[in-house]
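Here is a short briefing to read alongside the sequence and the model. Keep the 3D view open as you go through the points.

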Amino acid sequence: MKNDELFRKTVPPFMKRFMADFDCTEYDAAAVFGNAGHESGGFRLLQELKPTVAGSAGGFGWFQWTGPRRRNYEAYCQRNGLQPAAHESNYKFLFVELT
């Protein structure tokens with residue numbers, strides 16, 4: 001799969017959902033998902049490769065949730081029976097964080 005193929009395949013339905021959930025423009029949703037794509041290497045690298053804090057777990061997910069946010073994400077997934085690497089899980093936690 002080309003570097004941007006996963007990103008281009010994954011983003012449109014989540015952008016549409018985000019625009020409906022948050023009553024925002026396509027431009028706003030593109031900014032959010034462009035950032036997520038940058039943070040996660042186009043959704044291919046969910047685990048931070050070189051954590052800034054030596055010995056830490058580093059960031060994880062679309063937005064490279066780190067430290068307490070990562071722990072909150074992992075706990076959220078566990079409570080709700082979600083797989084942390086799943087796109088749906090990442091979107092649901094984004095929704096929780098923004099609401």
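Helix α2 covers residues 26-39, and at 1.5 Å a residue its 14 residues should span 20 Å; the end C-alpha atoms are 20 Å apart, so the expected and modelled spans agree. Please keep in mind that this is a predicted model.

**Helix α2 and its two sides**
- Ala29, Phe33, Ala36 and Gly37 are the buried residues to look for in α2.
- They lie on the same side of α2, because the arc they cover around the axis is only 100°.
- Turn to the other side of α2 and you will find Tyr27 and His38 exposed.
- The packing partners of the buried α2 residues are α1 (5-22) and α4 (87-98).

**Just past the helix**
- Gly41 follows α2 and has a positive phi, near 60°.
- Ser40 sits in the loop that runs between α2 and α3 (68-80).
- With a relative accessible area of 0%, Ser40 counts as buried because the cut-off is under 20%.
- Its side chain reaches back to the backbone oxygen of Ala36, at 2.8 Å.
- Beyond four places in sequence, Ser40 touches Leu45, Leu46, Gly61, Trp62 and Gln64.

**The nonpolar core**
- The largest nonpolar core has 22 residues, and those touching the most other members are Phe18, Phe33, Phe43, Trp62 and Tyr91.
- Each of α1, α2, α3 and α4 supplies at least two residues of this core.
- α1 gives the largest share, 5 residues.
- Trp62 is worth a closer look: setting aside neighbours within four places in sequence, its contacts include Phe14, Phe33, Ala36, Phe43, His87 and Tyr91.

**Salt bridges**
- Side chains of opposite charge can pair when their charged atoms come close.
- The model has 4 salt bridges, and three of them are described here.
- Asp4 pairs with Arg8, with the closest N and O atoms 2.8 Å apart; Asp4 is partly exposed at 34% relative accessible area, while Arg8 is exposed at 61%.
- Arg17 pairs with Glu88, with the closest N and O atoms 2.7 Å apart.
- This second pair links distant parts of the chain, since Arg17 is in helix α1 and Glu88 in helix α4, 71 residues apart.
- Arg17 is partly exposed at 30% relative accessible area, and Glu88 is partly exposed at 30%.
- Arg70 and Glu74 form a salt bridge at 2.8 Å, N to O; they are 4 residues apart in helix α3, which means a separation of about one helical turn.
- Within this third pair, Arg70 is buried at 12%, whereas Glu74 is partly exposed at 34%.

Notes. Residues numbered from 1 in each chain as written. Predicted model: local features only at pLDDT ≥ 70, side-chain atom pairs only at ≥ 80, totals over all residues. Heavy atoms only, no water. Expected span 1.5 Å × (residues − 1). Buried < 20%, exposed > 50% of the residue type's maximum accessible area, 1.4 Å probe, protein only. Arc of directions from axis to C-beta. Contact = heavy atoms within 4.5 Å. Polar contact = N/O pair within 3.5 Å; in protein donor to acceptor, adjacent residues only side chain to side chain. Core = buried A, V, L, I, M, F, W, Y, C linked by side-chain atoms within 4.5 Å. Salt bridge = Lys/Arg side-chain N within 4 Å of Asp/Glu carboxyl O.
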